[in-house]
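Let's take a walk through this model, one stop at a time. Have the sequence and the 3D view open side by side.

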Amino acid sequence: MILNKEDYKEINEYIFKFGKDERIKKIEKGIIKSKDASQIYFYAKNVESADVKTLQKAIIKTKDAEYIYCFARDVVDADIKSLQKAIIKLGKAEQIFHFALYVKHADIKALQDAIIKTGSAEYIYYFALNVKGADIKALYNAIVNTENVIYIGAFEDKILSKIKEKENLQKNIDDILNR
């Protein structure tokens, strides 16, 4: 079963006027049965009375990291902990990074550990650069272990240099305060 934007409007209008009856439940079951991650995600996101809990289980079963992340980011009442667990288990660096960056109430420490496990120098760097609350020292150690000189250099230039600059400015302010 493939739905488009107009279908969602029709479904929502029907639910508003007549409630969620057997017709709507049949559509939802068809979406779940399809095992199509994009359809499951868009249905959960766009249908106001969608059974989020059941659709969430179905999206996790697809093992599609991109749509699992999108589900966590966009679907009201999604269980962030369950979706995060699924993302970590899949071990896809890009989606782990995006989950940490864009999903409210994500566990940054758990996602940081997962991004380190991937061994992806690129996404370890992006995580350190962009994710608030990231442990820079742990990520630096992880990126050094990748032996990827390009991302190690970028990490040192963009991230460690800012830390040094901040420390120097703080020292200057402390000197002013101590006069």
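Which residues make a nonpolar surface patch of about 310 Å²? That patch is made by I173, I176 and L177. Keep in mind as you look around that this is a predicted model. To find the patch, go to helix α11, which covers residues 149-177 and holds I176. I176 counts as partly exposed because its relative accessibility is 46%, and the exposed class begins over 50%.

Now for a surface patch with charge on it. K35, K53, K57 and K61 gather on the surface in a patch of positive charge. One of them, K57, sits in helix α4, residues 52-62. With a relative accessibility of 52%, K57 counts as exposed; the cut-off is over 50%.

Another member of that positive patch, K35, is found in a loop, the one between α2 (22-34) and α3 (37-46). K35 is exposed too, with a relative accessible area of 66%. Take a look at its backbone while you're there: K35 is not a glycine, and yet its phi is positive, at about 60°.

Where else does a residue other than glycine have a positive phi, this one near 70°? Go to D77, in the loop between α5 (65-74) and α6 (80-90). D77 counts as exposed, given its relative accessibility of 71%.

From that loop, step into helix α6 and you'll come to K81. K81 counts as exposed, at 71% relative accessibility. Here's a pairing to check in the viewer: K81 and A106 are 25 residues apart in sequence, and their C-alpha atoms are 7.5 Å apart in space.

The last stop is helix α10, residues 136-146, and here it's worth turning the view around the helix axis. Which residues of α10 are buried? I136, L139, A142 and I143 are, among the residues of this helix. Those four lie on the same side of α10, because the arc they cover around the axis is only 125°. Now turn to the face of α10 that points away from this buried side: there you'll find K137 and N145, which are exposed. So the sequence of α10 may look mixed when you read along it, but keep the two faces in mind: I136, L139, A142 and I143 are buried, while K137 and N145 are exposed on the face turned away from them.

Methods
Residues numbered from 1 in each chain as written. Predicted model: local features only at pLDDT ≥ 70, side-chain atom pairs only at ≥ 80, totals over all residues. Heavy atoms only, no water. Patch = residues over 30% accessible without salt bridge, like charges linked within 9 Å, V, L, I, M, F, W, Y side chains within 5 Å. Areas by Shrake-Rupley, 256 points an atom, 1.4 Å probe, with all protein chains shown as cover. Salt bridge = Lys/Arg side-chain N within 4 Å of Asp/Glu carboxyl O. Lys, Arg positive; Asp, Glu negative; His and termini not counted. Charge placed at Lys NZ, Arg CZ, Asp CG, Glu CD. Buried < 20%, exposed > 50% of the residue type's maximum accessible area, 1.4 Å probe, protein only. Arc of directions from axis to C-beta.
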